[in-house]
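Let's take a walk through a protein together. Have a look at the sequence and the 3D picture first, and then we'll go through them step by step.

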Amino acid sequence: NFVCETCGVEVIGTGFTNHCSKCLWSKHVDKNPGDREESCGGLMRPIGVEGTQAKYILLFKCENCGAEKKNKVFPEDSFDEVLKVAKAKKPE
């Protein structure tokens, strides 16, 4: 569980939750999924969506170091936010 540093919502995690279900922002804390060994700690902006309706993947870019990561869209994620990210132009 965590409080989103971007929108302030309290997120109830599953043990694998890595992004806010309301605004979709994440935090750069993993080198490998779930290990919490990344020291960067930067906020990760949702920058794109890949896949099909049955299996959407969110693309993230760290605002601190520029690293890019991917994660599944979960049923509890705001689909309105997923659509906004999908329609937005990916930053350079």
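Before we start, one idea to keep handy: a residue is called buried when its relative accessible area is under 20%, exposed when that value is over 50%, and partly exposed in between. Also keep in mind that what you're looking at is a predicted model.

## The overall picture

So what is this protein built from? Its secondary structure comes to six strands and one helix. If you read along the sequence, the order is β-β-β-β-β-β-α. The radius of gyration is 12 Å, close to the 12 Å that the globule rule gives for 92 residues, so the protein is as compact as a globular protein of that length.

If you drew a box around the C-alpha atoms along the principal axes, that box would be roughly 30 × 30 × 25 Å.

## Inside and outside

Of the 92 residues, 27% are buried. On the outside, the protein exposes about 6100 Å², and carbon and sulfur atoms supply 50% of that area.

Now for who touches whom. Take the contacts with a separation of 6 or more: residues 24 or more positions apart account for 29% of them.

## Charges and salt bridges

How many positive and negative side chains are there? The protein has 14 positive ones and 14 negative ones, and the centres of the two sets lie 4 Å apart. Searching the whole structure turns up five salt bridges. Let's meet some of them.

Arg36 pairs with Asp30, and their closest N and O atoms are 2.8 Å apart. Is Asp30 buried or exposed? Asp30 has a relative accessible area of 13%, so it is buried, while Arg36, at 44%, counts as partly exposed.

## A bridge between strands

Glu50 forms a salt bridge with Lys70, with 3.2 Å between the closest N and O atoms. This pair links distant parts of the chain: Glu50 sits in strand E4 (residues 43-52) and Lys70 in strand E6 (residues 68-72), 20 residues apart. Glu50 has 34% relative accessibility, so it counts as partly exposed, whereas Lys70 is exposed at 55%.

## A bridge within the helix

Glu81 forms a salt bridge with Lys84, and here the closest N and O atoms are 3.1 Å apart. Both residues lie in helix H1 (residues 79-87), three residues apart, which is about one turn of the helix.

Remember the cut-offs from the start? Glu81 has 21% relative accessibility, so it counts as partly exposed. Its partner Lys84 has a relative accessible area of 53%, so Lys84 is exposed.

How values were computed:
Residues are numbered from 1 along each chain as its sequence is written. This is a predicted model: local features need pLDDT of at least 70, side-chain atom pairs count only at pLDDT 80 or more; totals for chains, interfaces and linings use all residues. Side-chain values use heavy atoms; hydrogens and water are left out. Helices (H or I, at least four residues) and strands (E, at least two) are DSSP runs, numbered from the N terminus. The radius of gyration is taken over C-alpha atoms; the globule rule is 2.2 Å times the number of residues to the power 0.38. Buried means under 20% relative accessible area, exposed over 50%, partly exposed in between (1.4 Å probe, protein chains only). Contact means heavy atoms within 4.5 Å. Accessible areas come from the Shrake-Rupley method with a 1.4 Å probe; for residues, only the protein chains shown count as cover. Lys and Arg count as positive and Asp and Glu as negative; His and the chain ends are not counted. The place of a charge is taken as NZ of Lys, CZ of Arg, CG of Asp or CD of Glu. A salt bridge is a side-chain nitrogen of Lys or Arg within 4 Å of a carboxyl oxygen of Asp or Glu.
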